[in-house]
Amino acid sequence: MKKGIHPAYKHSTVTCTTCGSVFETGSTMGDIKVDTCSHCHPFYTGNQRIVLNDGRIDRFNKKLEKSKAAKEGK
């Protein structure tokens, strides 16, 4: 390999902003902050978090319920 063209590989600390978990890894970047990690992500934990933002499907279902209620009230 050519010398002087590769970035410096060093120990980095990864910090999760959601659960506060900290672990070390190797990277060319410095310290890394992530939103979710394997300790708090629903895919790995099996626990589903409640999402506060209404999605398109939720808004559609609310409109559908209102229209059904309006038809039943006639």
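Where is the place of Glu24 in this protein? Glu24 sits in strand β2, which covers residues 22-27. Keep in mind that we are looking at a predicted model.

Let's stay with Glu24 for a moment. Buried or exposed? Exposed, because its relative accessible area is 62% and the cut-off for exposed is over 50%. Now look for Thr13. Glu24 and Thr13 are 11 residues apart in sequence. In space, their C-alpha atoms are 4.5 Å apart.

Next, the overall layout. The protein has three strands and two helices. What order do they run in, from the N terminus on? The order is β-β-β-α-α. So strand β2, the home of Glu24, spans residues 22-27. The protein has 74 residues, and 11% of them count as buried.

On to the cysteines. How many disulfides does a search of the whole structure find? Zero. Take Cys16: it is in no disulfide, and the nearest cysteine sulfur, in Cys40, is 3.6 Å away. Why is there no bond between Cys40 and Cys16? Because 3.6 Å between the two sulfurs is too far. The cut-off for a disulfide is within 2.5 Å.

Are these two cysteines buried or exposed? Cys16 is buried, because its relative accessible area is 3%. Cys40 counts as buried too, because its relative accessibility is 14%. The cut-off for buried is under 20%.

Last stop, helix α2. This helix runs over residues 56-72, and Lys63 lies in it. Find Lys63 in the structure. Buried or exposed? Lys63 counts as exposed, because its relative accessibility is 62%. Which residues join Lys63 in a positive surface patch? They are Arg56, Arg59 and Lys66.

A quick recap. Glu24 is in strand β2. Cys16 and Cys40 have sulfurs 3.6 Å apart, and Cys16 is in no disulfide. Lys63 is in helix α2 and helps form a positive surface patch.

How values were computed: Residues numbered from 1 in each chain as written. Predicted model: local features only at pLDDT ≥ 70, side-chain atom pairs only at ≥ 80, totals over all residues. Heavy atoms only, no water. Patch = residues over 30% accessible without salt bridge, like charges linked within 9 Å, V, L, I, M, F, W, Y side chains within 5 Å. Areas by Shrake-Rupley, 256 points an atom, 1.4 Å probe, with all protein chains shown as cover. Salt bridge = Lys/Arg side-chain N within 4 Å of Asp/Glu carboxyl O. Lys, Arg positive; Asp, Glu negative; His and termini not counted. Charge placed at Lys NZ, Arg CZ, Asp CG, Glu CD. Helix = DSSP H or I, 4+ residues; strand = E, 2+ residues; numbered from the N terminus. Buried < 20%, exposed > 50% of the residue type's maximum accessible area, 1.4 Å probe, protein only.
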